[in-house]
Amino acid sequence: MPRVIITVLDQTPQPYRFLLDRQAVQLGRGSDNDIAINCASVSVHHAVMERIEGGYQIRDLDSTNGSKLDGARMPIIPLRDGLSVKLGDVSFDFSLSDEEKEALSREKPPTESEIIKEDPDTVKPKKPVKKPVKRGYVPSETKDSTQGGLMIVVFAILAALAFFIGLSIRHEKDTGQSLIKSIMDKGKTTAAEPDSAPPAQESATPAEGQK
């Protein structure tokens, strides 16, 4: 029977044995696990040891502190005789007897696709990840419409400027004077004109001798 030893710091190591045909063994801090591990670094449902063709593997269940081999966090760890894995800060030591190793060697060796294959019945559902909404974000459609309106305004200003330049050149050819100067002179002339006509002179009153 495959042998697993769970070692929690400052606690007595706990050995466990399982039949070779045991398909899954769930490990975690919760009491509903097959192996309940009393350690704060272990998640409620931390990992599952799975029987695959040709051997075993341990699959992390999206735990907080992860499952590690040689210090490297891995989602799937293929198990072999004498291998030691870390579940959080807890040691997970896996061993097989000679008879078990011989029996497993007669099975088809596990391929990479079989090792990473997940059993949907033992996978803890993951919470949907909400994408953060960026403040001040403007949709691309709004940006495009704003840029289009700005281009129209700029085009209108350039067209008006070109029209004024053409009109000024034509006025200078016809009058020999720039259009701007003519406008300024006209403004001065208008300002110099009196607001009202001078009062009419009174007619002379004839002398009495001329009546």
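K101 and D98 sit 3 residues apart in helix α1, which is about one turn of the helix. Their side chains meet in a salt bridge, at 3.6 Å from N to O. That little pair is a handy way into this structure, which is a predicted model, so treat every value here as computed from predicted coordinates. The protein has 4 helices and 11 strands, and buried residues make up 26% of its 211 residues.

**The α1 salt-bridge network**

- An α-helix has 3.6 residues a turn, so residues three or four places apart point the same way.
- K101 has another partner in D81, with the two side chains meeting in a salt bridge at 3.3 Å, N to O.
- D81 belongs to the loop between β9 and β10, while K101 is in helix α1 (residues 98–105), so this pair ties together parts that are 20 residues apart in sequence.
- How exposed is D81? D81 is partly exposed, at 34% relative accessible area.
- K101 is partly exposed too, with a relative accessible area of 34%.
- D98 is exposed, at 56%.
- Through shared partners, salt bridges join D81, D98 and K101 into one network.

**How α1 sits on the rest**

- On the inward side, the buried residues of α1 are E100, A103 and L104.
- Looking down the axis of α1, these buried residues fall within an arc of 95 degrees, so they line one face of the helix.
- The cover over the buried residues of α1 includes β5 and β6.
- Turned away from that buried side is a face carrying the exposed residues D98 and S105.

**A buried salt bridge**

- Which residue pairs with R59 in a salt bridge? The partner is E50, and the closest N and O atoms are 2.3 Å apart.
- Both ends are out of the way: R59 is buried, and E50 is buried as well.
- The count of salt bridges in the model comes to 6.

**The nonpolar core**

- The largest nonpolar core contains 25 residues.
- Those with the most contacts inside this core are I6, L27, I37, M49, L79 and F92.
- Seven strands each supply at least two residues of this core: β1 (3–7), β3 (24–28), β5 (47–52), β6 (55–60), β9 (76–79), β10 (83–87) and β11 (90–95).
- L27 gives a good feel for the packing: leaving out residues up to four places away in sequence, L27 touches I6, N33, I35, I37, H45, H46, A47, V48, M49, I58, L87 and F92.

**Two strand residues, S67 and A36**

- S67 is in strand β7 (residues 67–69).
- Is S67 buried or exposed? S67 is buried, with a relative accessible area of 1%.
- Setting aside neighbours within four places in sequence, S67 is in contact with H46, A47, D60, A72, R73, M74, I77, K86 and L87.
- One of those contacts, A47, is 20 residues from S67 in sequence, and the C-alpha atoms of the two are 7.6 Å apart.
- A36 belongs to strand β4 (residues 35–36).
- A36 is partly exposed, with a relative accessible area of 44%.
- Not counting residues up to four places away in sequence, A36 touches G28, G30 and S31.
- The C-alpha atoms of A36 and Q26 are separated by 8.6 Å, with the two residues 10 apart along the chain.

**Surface and overall contacts**

- Where is L150? L150 is in helix α3 (residues 140–175).
- L150 is exposed, at 54% relative accessible area.
- L150 joins V154, L158, L161, F164, I165 and I169 in a nonpolar patch on the surface, and together they have about 630 Å² of accessible area.
- Overall, the protein exposes about 15,700 Å², and carbon and sulfur atoms supply 57% of that area.
- Among contacts between residues at least 6 apart in sequence, 40% join residues at least 24 apart.

Definitions and conventions. Residues are numbered from 1 along each chain as its sequence is written. This is a predicted model: local features need pLDDT of at least 70, side-chain atom pairs count only at pLDDT 80 or more; totals for chains, interfaces and linings use all residues. Side-chain values use heavy atoms; hydrogens and water are left out. A nonpolar core is a set of buried Ala, Val, Leu, Ile, Met, Phe, Trp, Tyr and Cys residues joined through side-chain atoms within 4.5 Å. Buried means under 20% relative accessible area, exposed over 50%, partly exposed in between (1.4 Å probe, protein chains only). Contact means heavy atoms within 4.5 Å. A salt bridge is a side-chain nitrogen of Lys or Arg within 4 Å of a carboxyl oxygen of Asp or Glu. Patches are made of residues with over 30% relative accessible area and no salt bridge: like charges are joined within 9 Å, nonpolar side chains (Val, Leu, Ile, Met, Phe, Trp, Tyr) within 5 Å. Accessible areas come from the Shrake-Rupley method with a 1.4 Å probe; for residues, only the protein chains shown count as cover. The arc is that of the directions from the helix axis to the C-beta atoms.
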